[in-house]
Each structure stands twice: as C-alpha cells, then as structure tokens.
Amino acid sequence: MISTGQKFSRKRGARRLMVKNLLSSLILYEKLETTSAKIKAIKSLIEKILQKTKSTQDLITLRRYLSKYFTTQNPIDKIINVYKPNLVSQNKLINVYKIKKRKGDGALIGLIVINPEITKIKFEKKESNKTEKVDNKKK
C-alpha cells in the first residue's frame, strides 16, 4: 500500500498515518514545510497520485484509488474538482526547495509546493437567462 522505504523511528501504523497526513496537508494547503527526509518519502507518492489522476477518466475508479492514500474526503474532492481539469497541460507537477537547517538538531528543512498552474480554479462562464419575477403583494 503506502511504502516509503524509510522508518522514521516509528512503527508501521504510525508511519502510514504520518505519510497520509503529510499527503493530505500538501493537497489541501498546496505547500508543506517539513524535513527533507519526509519530503523525499512523499515526493514519489504525490507524483504517482497526480499522474494517476491525470490519466484516469473514470471518476469512481479514481475516487477508490485515492481513498487508500487519504483518510478524509476533502483532499479527494479537491484533487478531482480543482486539480484534475488543470493537469492536462502540465508536465512539472511539484517543486521542491531546500530552505535551512533546523536549529535544534540540524535537520535539513525543505519546502514542497504543488505547481501553481495546477491549483488555479478555472471558472466557466455560463449564460444565465434570469427572468425577474414581480411579486404582486397585497397591501
């Protein structure tokens, strides 16, 4: 299911939930600042998720596929409603930046960001035939 190849000094269940939470935070907030080891662990997973979203046409199959990576429906809805329409024209899906070393233990801190072109919401112009209703109220 979710294999990162790294232990992060956690048991299997805690490690899986940590990865799911990191993925959810990245999808919902579109950027994530964490250690470079955790970024390395989730980078391949998020690319795999976005490539699968890009290639899958059936929404039911896509929802079932995404449900194994996320614990709630919010990131799944955001991927389908916001990201999927914009993924068609994009090749570079995520960007990774190295920021600094953490003061306490010297761990490298990085920033992983979803491409801003993917996160734009496209609005469709709909012609509305609004007819004004006149209420004849008795006074």
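**Exercises on a predicted model**

The count of aromatic pairs in this predicted model comes to 1. The cut-off behind that count is ring centres within 6.5 Å.

**Exercise 1.** State which ring the charged end of Lys52 sits over, and how far it is from the centre.

*Solution.* The test requires NZ of Lys to be within 6 Å of the ring centre and within 35 degrees of the ring normal. The ring is that of Tyr65, and the charged end of Lys52 is 5.1 Å from its centre.

**Exercise 2.** Describe the fold by its elements, contacts and surface.

*Solution.* Begin with the elements: the protein has 5 helices and 3 strands. Their order along the sequence is α-β-α-α-α-β-β-α. Next take the contacts with a separation of 6 or more: 58% of them join residues 24 or more positions apart. Then take burial: 39% of the 139 residues count as buried. Last, the exposed area is about 10,100 Å², with 49% supplied by carbon and sulfur atoms.

**Exercise 3.** Analyse helix H4 by span, bend and cover.

*Solution.* Helix H4 covers residues 74-86, 13 residues in total. The expected span is 1.5 Å times one less than the number of residues. For H4 that is 18 Å, and the distance from its first C-alpha to its last is close to this, at 18 Å. A bend of about 35 degrees occurs at Ile80. Ile80 is also one of the buried residues of H4, which include Pro75, Ile76, Ile79, Val82 and Tyr83. Among the elements covering the buried residues of H4 are helices H1 (12-29), H2 (36-55) and H3 (59-67), together with strand S3 (108-114).

Methods:
Residues are numbered from 1 along each chain as its sequence is written. This is a predicted model: local features need pLDDT of at least 70, side-chain atom pairs count only at pLDDT 80 or more; totals for chains, interfaces and linings use all residues. Side-chain values use heavy atoms; hydrogens and water are left out. Rings of Phe, Tyr and Trp (its six-membered ring) pair if their centres lie within 6.5 Å; planes under 30 degrees apart count as stacked, over 60 as edge-to-face and the rest as tilted. Helices (H or I, at least four residues) and strands (E, at least two) are DSSP runs, numbered from the N terminus. Buried means under 20% relative accessible area, exposed over 50%, partly exposed in between (1.4 Å probe, protein chains only). Contact means heavy atoms within 4.5 Å. Accessible areas come from the Shrake-Rupley method with a 1.4 Å probe; for residues, only the protein chains shown count as cover. The bend at a residue is the angle between axes fitted to the seven residues ending there and the seven starting there.
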